[in-house]
Amino acid sequence: MREDRPELTRRHVLILGGTTEARMLAAALAADPAAAVRVTTSLAGRVEQPRLPDGEVRTGGFGGALGLAAWLRAEEVAAVVDATHPFATGISANAAQAAADAGVPLLVLRRPGWRRVAGDRWHPVASLSEAAALLPELGCRVLLTTGRKDLGPFTGPDRLPALDRLRFLVRSVDPPDAPLPRHVDILLDRGPFTLDAELALLRRHRIDVLVTKDSGGAATAPKLTAARQLGLPVVVVTRPPAPPGVPRAADVPQALAWLAATATPPS
């Protein structure tokens, strides 16, 4: 019964996290006693030592959209904020379906994507496979910053033979999954990165082409500035579309305003 669970007198907000914005939102909600919010952040568990947010933390999947909808009902969640990575299409689709099934309001919190400026030599592509196909004509020494689980198009059995002639520098937070490119160096590092450090990295490894996803944000943007200053081509994987019909916020203040207007205390 409700009197045996005093936490249910507060609004319960689920944040699907893993981004800087997710941690900032959790911190803002947890720090405001007037908000009367119980905040739970769900992490996918893909990073071995994630930066933990304030409030409660749940790690691991829910069992698809059906499992997430059941969890939302059981935990009497008042609102869900999908603040996952822009390329986490699976959980975003599950969140949209689960929120609709459970009748829980859903907001997508996405930082704006990067914008090309004068001097950029960007090559937009729709997928990592397109990025891999384009690489041999752009350079020989590649800085690959697309994530440790996304090396398949560069290493798998269907890869272009020309990729085996390239030298890759793979940068990720945790060690990348096998198989790896034939010629590869691994750099384990976590942003934010500085412009001076990125310039030094590109020069030290004689990088002549950069591959990245359009994750947006300031923490990893210096690599784009460094590539611009050095005149390097950048293969940019464009973002997949967010779930249709779901309201969006570009930053934490917008998300807080939406929560204030949407997530009402349980009756």
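Where in the chain does Glu 76 lie? Glu 76 is in the loop between α2 and β4, the latter spanning residues 79–82. The structure shown here is a predicted model, and this residue is a convenient place to enter it. Glu 76 has a positive phi of about 50 degrees, although it is not a glycine. Most residues other than glycine have a negative phi, and most peptide bonds are trans.

The second half of that rule also has its exceptions in this model. A cis peptide bond with omega of about 0 degrees joins Ala 178 and Pro 179. Pro 179 sits in the loop between β8 and β9, where β9 covers residues 184–188. Another cis bond runs from Gly 191 to Pro 192, with omega near 10 degrees. Pro 192 belongs to the loop between β9 and α6.

From the loops we can turn to the helices. Two packed helices are described by the angle between their axes and the distance between the axes. Begin with α2, the helix on one side of the loop that holds Glu 76. Helix α2 (residues 64–74) and helix α3 (residues 89–102) have axes that come within 8 Å and cross at roughly 45 degrees. This angle makes α2 oblique to α3. The crossing of α2 past α3 is right-handed. On the α2 side, the contact uses Gly 64, Ala 65, Leu 68, Ala 69, Leu 72 and Arg 73. These meet Asn 94, Ala 95, Gln 97, Ala 98, Ala 99, Asp 101 and Ala 102 of α3. By class, the contact of α2 with α3 has 8 nonpolar, 3 polar and 2 charged residues.

Next comes the pair formed by α6 and α7. The loop with Pro 192 leads from β9 to α6. Helix α6 covers residues 195–204 and helix α7 residues 222–230; their axes come within 8 Å and cross at roughly 55 degrees. At that angle α6 is oblique to α7. Here too the crossing is right-handed. Leu 195, Glu 198, Leu 199, Leu 202 and Arg 203 are the α6 residues in the contact. Their partners in α7 are Pro 222, Lys 223, Thr 225, Ala 226, Ala 227, Gln 229 and Leu 230. The contact of α6 with α7 divides into 7 nonpolar, 2 polar and 3 charged residues.

A further pair joins helix α1 (residues 20–31) to helix α8 (residues 252–262), with axes that come within 10 Å and cross at roughly 50 degrees. α1 and α8 are therefore oblique to each other. Their crossing is right-handed. From α1, the contact takes Glu 21, Met 24, Leu 25, Ala 28 and Leu 29, and from α8 it takes Val 252, Ala 255, Leu 256 and Leu 259. The contact of α1 with α8 has 8 nonpolar residues, no polar residues and 1 charged residue.

Glu 21 of α1, part of that contact, also appears in the lining of a cavity. How many cavities of 30 Å³ or more does the model have? The count comes to 2. The largest cavity has a volume of about 40 Å³. Its lining consists of Thr 19, Glu 21, Ala 83, Thr 84, Pro 86, Leu 109, Arg 110 and Arg 111. In the lining of the largest cavity, 3 residues are nonpolar, 2 polar and 3 charged.

The second largest cavity has a volume of about 30 Å³. Arg 141, Val 142, Arg 167, Phe 168, Leu 169, Asp 185, His 205 and Ile 207 line the second largest cavity. The elements that give two or more residues to this lining are β7 (141–145) and β8 (167–172). β8 gives the most, with 3 residues. By class, the lining of the second largest cavity has 4 nonpolar, 1 polar and 3 charged residues. Strand β8 also borders the loop that contains Pro 179, the proline that follows Ala 178 across a cis peptide bond.

Definitions and conventions: Residues are numbered from 1 along each chain as its sequence is written. This is a predicted model: local features need pLDDT of at least 70, side-chain atom pairs count only at pLDDT 80 or more; totals for chains, interfaces and linings use all residues. Side-chain values use heavy atoms; hydrogens and water are left out. Axes are lines fitted to C-alpha atoms, for helices over the stretch in contact, and angles run from 0 to 180 degrees between N-to-C directions. Helices (H or I, at least four residues) and strands (E, at least two) are DSSP runs, numbered from the N terminus. Angles under 35 degrees count as roughly parallel, over 145 as roughly antiparallel, 65 to 115 as roughly perpendicular and the rest as oblique. A crossing is left-handed if the near helix is turned anticlockwise from the far one by less than a right angle, and right-handed if clockwise. Contact means heavy atoms within 4.5 Å. Ala, Val, Leu, Ile, Met, Phe, Trp, Tyr, Cys and Pro count as nonpolar, Asp, Glu, Lys and Arg as charged, and the others, Gly among them, as polar. On a 1 Å grid over the protein atoms alone, a cavity is a set of points where a 1.4 Å probe fits but cannot get out, and a pocket is an open set with protein on both sides within 12 Å along at least five of seven lines; lining residues have an atom within 4 Å of a point. Grid points are joined across faces, edges and corners, and a volume is the space filled by probe spheres set on the points.
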